[in-house]
Amino acid sequence: MPEVEEGTFSNGVPYLRTGQGPALLVAAGLTTEHANPTGAVRRASLTWAAPFARHFTVHLVNRRPGLAAGTSMSDLAADYADVIEQDLGEPVLLHGTSTGGSIALQLAVDRPELVRRLVLAAAACRLSAEGRQVMAEVARLTAAGDTRAATAAIMAAGTPPRLRVLTRPAGWVMGQFTPRDQRDMLVTIAAEDTFDVEPRLDRTTAPTLVLGGTADGFYTRDLFERTAAGISQGRAVVWEGRSHVGVAGGKVPAAVALGYLLA
């Protein structure tokens, strides 16, 4: 495993940095706390990043903590724009997963000059109707303090339908370990609920690869393909039967993403 540097950028966005080469900014999916990952999640993130670190300086970023109520996707994207301009000093390669993909796409739409090449993994121009319903339920349960049920709901939607009978109870057990203060997560869920950049996709100038699966509980094949079609240099790869987690953390999608970023 390459050496890892941990810190925060000048605007408070946390990062783990590893590897050498051109800057690759990797935006994380939804997290209960907007901080650098620890424990098993940290190990998994760095294991995923290791092949990329052979070619790029990988910056694994989360969102800035202490988000104000009413923060929008454009606000979250502006935080990453500040990182690129103030800390990295040059346009970047950009990889966004799930909610991180929504923010990455918003950045490519709002500030196209800052993005050299873009990969969206298990992400699209907006959530599906089912995805919005799931996240509304997660927000309601979290606000009510039922972290077990909230974790069960989000884990079930992230896995294939045939496995949800197992992942839902597993999520219920894991939910007891989630932090009680999840205000930042709730602000981010609210921002993504209204996120829809389909009418502005043509502003994205970076070559873009959209990776998805047909068993994703938050997006549909149509949304993945519409997102790619709306970008002048967009392309979609959609795997039959792959789930949200299967695309977000799978070795094959990661290898395809790496090849695209190296092209």
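This report describes the buried cores, the internal spaces and the aromatic pairs of a predicted model.

## The nonpolar cores

The largest nonpolar core has 57 residues. Within this core, the residues with the most contacts are Leu25, Tyr80, Leu105, Leu107, Leu118, Val138 and Tyr219. Helix H2, which covers residues 73-88, gives the most to this core, with a contribution of eight residues. Apart from it lies another core, made up of 24 residues. Among the members of that other core are Trp48, Ala49, Leu93 and Tyr260.

Leu107 offers a view of the packing in detail. With its neighbours within four places in sequence left aside, Leu107 is in contact with Ala77, Tyr80, Ala81, Ile84, Leu94, Pro112, Leu114 and Val115.

## Ala77 in helix H2

One of the contacts of Leu107 is Ala77, a residue found in helix H2. Is Ala77 buried or exposed? Ala77 has a relative accessibility of 1%, and therefore counts as buried, since the cut-off is under 20%.

Residues up to four places away in sequence are not counted in the following list: Ala77 touches Ile103, Gln106 and Leu107. The chain also brings Ala77 and Arg111 together in a comparison of backbone positions. These two residues are 34 residues apart along the chain, and their C-alpha atoms are separated by 8.8 Å.

## The buried side of helix H7

Helix H7 covers residues 183-193. Which residues of H7 are buried? They are Asp184, Met185, Val187, Thr188, Ile189, Ala191 and Glu192. The cover over these buried residues includes H2, helix H3 (99-110) and H4. A general point about helices helps in reading such a list: an α-helix has 3.6 residues a turn, so residues three or four places apart point the same way.

H7 also has a part in an open space of the model, as one of the elements that each supply at least two residues to the lining of the largest pocket.

## The cavity

The structure holds one cavity of 30 Å³ or more. About 40 Å³ of space lies in the largest cavity. The residues that line this cavity are Trp48, His95, Ala121, Leu211, Val247, Ala248, Pro253, Ala254 and Ala257.

Two helices, H9 (244-248) and H10 (251-262), each supply at least two residues of this lining. H10 gives the most, with three residues. By residue type, the lining of the largest cavity divides into eight nonpolar, one polar and no charged.

## The pockets

The largest pocket contains about 1800 Å³ of space. Its lining has 49 residues, and those nearest its centre are Gly29, Leu30, Thr31, Thr32 and Val41. Several elements each supply at least two residues of this lining, including strand S3 (23-27), helix H1 (39-53), strand S4 (57-61), helix H4 (129-143) and helix H5 (147-158). The lining divides into 27 nonpolar, 20 polar and two charged residues.

The second largest pocket has a volume of about 220 Å³. Ala44, Thr47, Trp48, Pro51, Phe52, Gly249, Gly250, Lys251, Ala254, Ala255 and Leu258 form its lining. H1 and H10 are the elements that give two or more residues to this lining. Of these, H1 gives the most, with five residues. The lining of the second largest pocket comprises seven nonpolar, three polar and one charged residue. Trp48 and Ala254 belong to the lining of the second largest pocket, and both also line the largest cavity.

## Aromatic pairs

How many aromatic pairs does the count come to? The count comes to three. One of the pairs is formed by Phe9 and Tyr15, with 4.4 Å centre to centre and 35° between the planes. This pair is tilted, because an angle under 30 degrees would count as stacked and one over 60 as edge-to-face. Phe9 is buried, with a relative accessible area of 5%, and Tyr15 counts as buried at 7% relative accessibility.

Another tilted pair joins Tyr219 and Phe224, with 5.7 Å centre to centre and 40° between the planes. Tyr219 counts as buried at 3% relative accessibility, and Phe224 counts as buried at 0%. Tyr219 also appears among the residues with the most contacts inside the largest nonpolar core.

Note on methods: Residues numbered from 1 in each chain as written. Predicted model: local features only at pLDDT ≥ 70, side-chain atom pairs only at ≥ 80, totals over all residues. Heavy atoms only, no water. Core = buried A, V, L, I, M, F, W, Y, C linked by side-chain atoms within 4.5 Å. Buried < 20%, exposed > 50% of the residue type's maximum accessible area, 1.4 Å probe, protein only. Helix = DSSP H or I, 4+ residues; strand = E, 2+ residues; numbered from the N terminus. Contact = heavy atoms within 4.5 Å. 1 Å grid on protein atoms, 1.4 Å probe; cavity = no way out; pocket = protein on both sides within 12 Å on 5 of 7 lines; lining within 4 Å. Points joined across faces, edges and corners; volume = space filled by probe spheres on them. Nonpolar A, V, L, I, M, F, W, Y, C, P; charged D, E, K, R; others polar. Phe/Tyr/Trp six-rings, centres within 6.5 Å; stacked < 30°, edge-to-face > 60°.
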